[in-house]
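Please find below a short set of numbered remarks for a reader who is new to this entry. They are best read with the structure open alongside.

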Amino acid sequence: MLETVRRQRRAAALPYPQMTLAVPVAIEGAALHSGKTVRMTLRPADADHGIVFRRIDLEGGRDVTDIRVRHDRVVETTMSTVVGNAAGARVGTIEHLMAALSGLRVDNVLIEIDGDEVPVLDGSAEVFVDRIEATGLTALDAPRRAIRILKPVVVEDGAKRAALLPGDGFSLAFEIDFDNPVIGRQAIEADLYDPCFADDILRARTFGFLKDQEALRAAGLGQGASLENAIVIDGENILNEDGLRYEDEFVRHKLLDAVGDLSLSGLPLLGRYEGVRSGHAMNNRVLCALMADETAWEVVDFVEASRPAYAAEREMLAISAD
Ligand SMILES: [Zn+2]
C-alpha cells in the first residue's frame, strides 16, 4: 500500500498525502525499565492529528491522559526519551516506536497505552514495523507537510556533537567510538526516505554492558532488560546466542534512536542530521535549538528527495508505468 502510493506520487509528481494506519494495531510486551507488562493500541487518526499518547490507566480528562509527542514535551532523556504533559502524566522509551512511525511515514496516530513506558519487545523497531506493514496504511485527504532545514544548527558537549543541516531528502550520518573491542569505532550513513531504510536500520537492537546492569537495576532502571530485548556485551564477548544482526548493529541502532528522537519535530524533516557520540539528550537539544530559531526552517509541502539515485528511480518508474 505504502509502496504503491509512493510510486504513484513519484511517477506523477503529485503531492504526498498524510497517512494513518488502515486499522488499529494492538501490541503488548514488557517495559524495559519498570519490567511491567504494558498493553498498547495504535489507532488510526484524522489528518493534522499528529502523534498523541493516551494513558488509559489514568482517570481524568484529555488534559490528564493525553500527551502530544513533540520536542517541547520531552521531560527526560536519561536512558530513553520520555514525554509528559502539564498534569504530570508521562510515557517513556518512545524512541523505537517513533522511529518506526517516522520510517513508515505514519503521520497521524492515537496511541492508547496502559502504563508509562512503551514495550521494549526485541530492543529494535522490528515488531512495530512488521505489525504496521502487515495491516497497511490509509492515505488521508490532506497534503503531507514537512519542515525544511534552511541553515545549520549545531550543539556540542565535549566529544559529543549533533547537527541539523540543510540538504536533500533526510540523510543521516552517525559515528560512535566506544572503548570496547566489540564496538570500537563505527560510522554509518542512511537516508530516511530510502526504501531500504526499514530493513537496514529499524531492525538494529539496543545494547548494554553486563557491568552496568547492576547499577541500572539499583537505580530502578533496566528491570525488564534481558538477552531477549538487548545485545548484552561482557568485555570482548557478546552474550546473545545468535550474535549480531549486522556487523555494525550498534551504530545502526544509534541512528534508529536519532530518527525516533528527531521525529518529535512533529512534521517530517527535510535536510541532514549528523551525530557523533550523540544520544537522546543531544538529539533533543539540537532539535529544540532548530525549532527555537524560526529563521532556520520553513514548512513546505513534502517532496521526495531530489538526489540522483531517486531521480533515476523516478525515471524508471515513469517508463514502466506506460
Ligand atoms: Zn534505542
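1. In this predicted model, the cover over the buried residues of helix H3 includes strands S3 (37-44), S4 (51-55) and S9 (109-113). Helices H4 (126-135), H7 (249-262) and H8 (280-292) are also among the elements that cover them.

2. Helix H3 spans residues 95-103, and 9 of its 9 residues are buried. Among them are Glu95, His96, Leu97 and Met98 at the start of the list, and Leu101, Ser102 and Gly103 at its end. Just after H3, Arg105 adopts a positive phi of about 65°.

3. Which protein atoms are the donors of the zinc ion? They are NE2 of His96, NE2 of His253 and two OD entries of Asp257, lying 2.1 to 2.7 Å from the ion. Along the chain, these donors follow the spacing H-x156-H-x3-D. His96 in helix H3 and His253 in helix H7 are 157 residues apart, and the pair links distant parts of the chain. Both His96 and His253 are buried.

4. The geometry of the zinc site is irregular, with angles of 53 to 149° among the 4 donor atoms. The site does not count as tetrahedral, because that would require all angles to lie between 85 and 135 degrees.

5. As to the protein as a whole, its secondary structure comprises 9 helices and 20 strands. Of its 322 residues, 53% count as buried. Among contacts between residues at least 6 apart in sequence, 72% join residues at least 24 apart. The accessible surface amounts to about 14,400 Å², and 49% of this belongs to carbon and sulfur atoms.

Conventions: Residues numbered from 1 in each chain as written. Predicted model: local features only at pLDDT ≥ 70, side-chain atom pairs only at ≥ 80, totals over all residues. Heavy atoms only, no water. Buried < 20%, exposed > 50% of the residue type's maximum accessible area, 1.4 Å probe, protein only. Helix = DSSP H or I, 4+ residues; strand = E, 2+ residues; numbered from the N terminus. Contact = heavy atoms within 4.5 Å. Areas by Shrake-Rupley, 256 points an atom, 1.4 Å probe, with all protein chains shown as cover. Donors = N, O, S within 2.8 Å, 3.2 Å for Na, K, Ca; no water. Tetrahedral: all angles 85-135°; square planar, octahedral: opposite > 155°, others 65-115°.
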